[in-house]
Amino acid sequence: MTFTKISHSCSEHRTQQNATGRPRFNSQVTSDRLREGSRLPTFPMVSNIRRGRQSIFKEVGLSEEEQDEQQDVTSETYEESTTGERMGSVSEATSPVEGKAPGGENTSKTKPGWLSKLAPTRRPRIKTASSAPPPTTAGLHRLSMIALLIAIVLPTISYNNGRKKVEISGADAGVIRSTSDPIIETRQNIPTDVCTRWAGQSALINGTVYFYGGRSKTQGDQEADTWNNDFITLDLTKSWDISSPALNGLPRPSGPPAVSLGYLWNDLDRLYLYGGEFSDNPVTQPAPISTWMYDVGSSTWSELQNPKTSAGNFSDPEGVPIQRAAEGAGISVPELGVSWYFGGHLDWATTPGWSNQVDRVYLKSLLEFTHPGYANSGVDSLRSSGAPSQGAYRNITWGGIQNQEGFTERADGVLVYVPGWGPNGILLGLGGGVVGEHETTDAFSSMSTIDVYDIKTSTWYHQQTSGEAPQVRVNPCAVIFSAPDASSFNIYMYGGQNLLPYGNQTQYTDIWILTVPSFTWIKVDTTTSNEPPARAGHQCAARDGQMVVIGGYVGTQIACDRPGIYNFDASKLQWKSSFDAADHPADAHSDNSILAGSFGYQVPGVVQSVIGGSSDGGATATQPASGPATDGPFKTGTPPVFTITQAGSTATITNGPMASGPTTPGNTPAQAASASGGLIAAGVIAGFAGLAALYLGFCAWLYRRQVSAYKRHMAVANRYSGAMEEGGGDSGNYGAAVAAAGMREKLRKHRRGSSSGESEHFGWVGHLSEPKWAAAGPGGDEPSPGTSGTGSGSGRLRPSEDRSPWGYDSYIGGGGGVGVGRSKSGASRSTASGGSAEALLDGRQPNFISVVLGPRRALRVVNGMEDQ
């Protein structure tokens, strides 16, 4: 900071002197000077500054207001110091401020010797908010720099390398960003050109294979730093040559670790990285156990920390921490929203804090993962609701034969999902083994006895196979294809290796087919095609009837296997030099992962010779060839539970609980009859529907006849009413007509359904011809209505002889009603002509509902009318 001297005029000195409380005196009068000099100077505070010092400085860069304040303060100091100078208390030689100039202004001389040694620091000053000056240009500059640091530095520190954290079981959670596109753009995409790639994790979603991590080397002699977290994709929605496959490198994730021999679970929208082991050259300590989720839509990774088990069928209790296993067999069923990891091992490369003095532990448990939002009847908390955002784990350890002898621990096997048997399908465990005694002994899982897991019941079973079984092995790959009519499911197992001697294993290049439900092994002859080198630890994917092979360890005899992508035609049983994508949407059959890979698949001839049928299906072998199963989903008489709808080149299989379907060409009549529970129910419902239709048709016919009778009745009633009005010459007839008309109106308004104690009387004339009294005139030959059959009697009608359309009984005249007059309680009588016409007595048109509810009554109405 720069300082300068300030000079003051005499007028300014006088102003400052007047502002003080000291008495004014004439400096030219000796007495006044002596009086003032006799007083001892007083100072408000103790200071190390020598008395009489007259140095006054100004800070360059202050505002005008601060300069005025500075001048006010220094003026007072200057006045006091001037007084001291006149008293001779301070030597002029030590003061930087000199005497007055003849012009009345102060002149100053600067001594740069000691002034240049002053520290360029600003004296602290205390101000209130009200008296603070407005910010200067320098202050705004500093404020801008601070804001810039906040805007740039803080987001960089809090970004956490592009990762997101999700809270599980009380773990801290970070902010979940909706997208990380700007972050991804700053990272370089992973190169796809490597020498060899193997032991990775892969998943297939809508025609795109995602390949994560594993091991790779860029040179043939590379031995260290082979573990990586590479993230690449292979596009199976378009055709390509195997020399230049459609590989694409994605941005390298900064959160998920570099692991191998784990598994990449998937549903229709996300990937879940579980398990895997860390590097042994150089040695890398395992990270805390967590599952990493990749959202395909937003291209972001999320860490699901501290996973724990949920209680369920045949599983560990709730709240047990999940362990990270490696070398296990994994599988995902997106349509069910469930994934599994079978077997594997635990050691220092998988588990934090594991001592290298503790031997490796092999597993035979089945870890189940329910994806977020999906229900699972095997988990207690998910039987009526979906899994939470971090998913749900169930460690199945004692389902069926799982805890019995003969069900051994294993690693490096494969799992295959087969729909159609059991309400939710089954899992088949193939291959795998263990080594012991410091890797000097080995034990393999038998290929002659397959372990079958029923997903619905969470139960394991054994199933015998037939045919020549393949050699026991570890690290193969396997895919499954469905026949066009779903009469058979054919599992293709390729490659693998033996276990010993460690580090010098033998890799295989053979292909085997296990056809289900026959459970027969069939070896494929591939000598006629250009097969790739033998391999193990590779990945396979089924798409459009083809098996795509990715990577694999090819031993030490081959330096590099670049690019390491191969394709096998599952229908023609030949290796191809290209992948041929079919013409269909990428997400075709997204609700059935097996059909999505079986588009265009035809059953090979070598398989037809074993199970029967043709290339389109129609297998005649519908049960295990080794003999009827005694238990489990393949028990004799228990057919597949799926429905088939032929569409294009493949069938549409709807697999669900208690589903049933039509008889396929491979089903026998006895099996079709035993599987007809759903069809019987449908037949019963259809039968009832047919009977209901017939009954409603009969009621409709009867209703039409009743309406016709009603119309005829009303026509007759109106005709008789007009005849009575025209015959007004006969007073007796006229009176009877009036009485009849009044009673007709009364009967129309009469409410039916009165109390049981009241006798309700209705009348119905069933005659279709006019009565004689109405047809004959006053001078006719026929007897008058008031006479008897002999011609005697008065001219008035007797109630008992009333034959008008609205005749009535003793309700009017008191006489005993006969003939047409009858009680409602006697409606069941069929002898009376009017007994079947109660519904029409009040002149209301019949309705269809009454006919449906009382068809017999409506039928009596119609029959009674026709009889008369």
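In this predicted model, Ala203 sits across from Tyr210 of strand 8. That contact belongs to the antiparallel pairing of strand 7 with strand 8, which extends over five bridges. The two strands form a hairpin with two residues between them, and there Asn206 adopts a positive phi near 50°. On its other flank, strand 8 is joined to strand 10 by five bridges, again in the antiparallel sense, and here Val209 is placed opposite Leu234. Strand 10 (residues 231–235) in turn runs antiparallel to strand 12, with three bridges between them; within this pairing, Ile232 has Gly249 as its bridge partner.

Taken together, these strands make up an open, four-stranded sheet in the order 7-8-10-12, with antiparallel pairing. Strand 7 (201–205) and strand 12 (247–249) are the edges, each pairing on one side only. On average, neighbouring strands of the sheet are turned by 25° against each other, direction ignored.

How well covered is strand 8 (residues 208–212)? Five of its five residues are buried, and the strand is mostly covered. In a regular strand the side chains alternate between the two faces of the sheet. In strand 8, Thr208, Tyr210 and Tyr212 lie on one side and Val209 and Phe211 on the other, and both of these faces are covered.

Strand 22 (residues 392–396) offers a second case: five of its five residues are buried, so this strand is largely enclosed by the rest of the structure. Ala392, Arg394 and Ile396 point one way, while Tyr393 and Asn395 point the other way, all of them buried. The antiparallel neighbour of strand 22 is strand 21 (residues 366–370), to which five bridges join it. In this pair, Thr370 faces Ala392.

Turning to covalent links, a search of the whole structure finds two disulfides. One of them connects Cys195 and Cys560, with the sulfur atoms 1.7 Å apart; its torsion of -105° about the S-S bond makes the link left-handed. Cys195 is in the loop between helix 6 (181–185) and strand 6 (196–198), and Cys560 is in the loop between strand 34 (546–550) and strand 35 (565–569), so the disulfide ties together parts that are 365 residues apart in sequence. The two ends have their own surroundings: Cys195 counts as buried at 0% relative accessibility, whereas Cys560 counts as partly exposed at 28%.

The other disulfide is formed by Cys477 and Cys540, whose sulfur atoms are 1.8 Å apart. The torsion about its S-S bond is about -50°, so this link is left-handed. Cys477 belongs to strand 29 (residues 477–482) and Cys540 to strand 33 (residues 539–543), so the bond ties together parts that are 63 residues apart in sequence. Both Cys477 and Cys540 are buried. With the bonded cysteines of the protein chain numbered in sequence order, the pairing reads 1-4, 2-3. Cys699 is buried as well, with a relative accessible area of 0%.

Charged pairs come next. Side chains of opposite charge can pair when their charged atoms come close. Twelve salt bridges are found in a search of the whole structure. Among them is the contact of Asp347 with Arg360, at 3.1 Å from N to O. Both residues lie in the loop between strand 19 (345–346) and strand 20 (361–362), 13 residues apart. Asp347 counts as buried at 5% relative accessibility, while Arg360 counts as partly exposed at 33%.

Asp380 and Arg383 form a salt bridge at 3.0 Å, N to O. Here Asp380 counts as partly exposed at 42% relative accessibility, as does Arg383 at 48%. For Asp510 and Arg473, the N to O distance of the salt bridge is 2.8 Å. This pair links distant parts of the chain, 37 residues apart: Asp510 is in the loop between strand 30 (489–494) and strand 31 (511–516), and Arg473 in the loop between strand 28 (459–464) and strand 29. Both Asp510 and Arg473 are buried. In addition, Arg197, Asp230 and Arg252 are linked in a network of salt bridges.

Finally, which residues make the nonpolar surface patch of about 550 Å²? The patch is made by Ile680, Val684, Phe688, Leu691 and Leu694. Of these, Ile680 is found in helix 10 (residues 677–726). With 52% relative accessibility, Ile680 counts as exposed, because the threshold for that class is over 50%.

Conventions. Residues are numbered from 1 along each chain as its sequence is written. This is a predicted model: local features need pLDDT of at least 70, side-chain atom pairs count only at pLDDT 80 or more; totals for chains, interfaces and linings use all residues. Side-chain values use heavy atoms; hydrogens and water are left out. Buried means under 20% relative accessible area, exposed over 50%, partly exposed in between (1.4 Å probe, protein chains only). Two strands pair if DSSP finds at least two bridges between them. Patches are made of residues with over 30% relative accessible area and no salt bridge: like charges are joined within 9 Å, nonpolar side chains (Val, Leu, Ile, Met, Phe, Trp, Tyr) within 5 Å. Accessible areas come from the Shrake-Rupley method with a 1.4 Å probe; for residues, only the protein chains shown count as cover. A salt bridge is a side-chain nitrogen of Lys or Arg within 4 Å of a carboxyl oxygen of Asp or Glu. Axes are lines fitted to C-alpha atoms, for helices over the stretch in contact, and angles run from 0 to 180 degrees between N-to-C directions. A disulfide is a pair of cysteine sulfur atoms within 2.5 Å.
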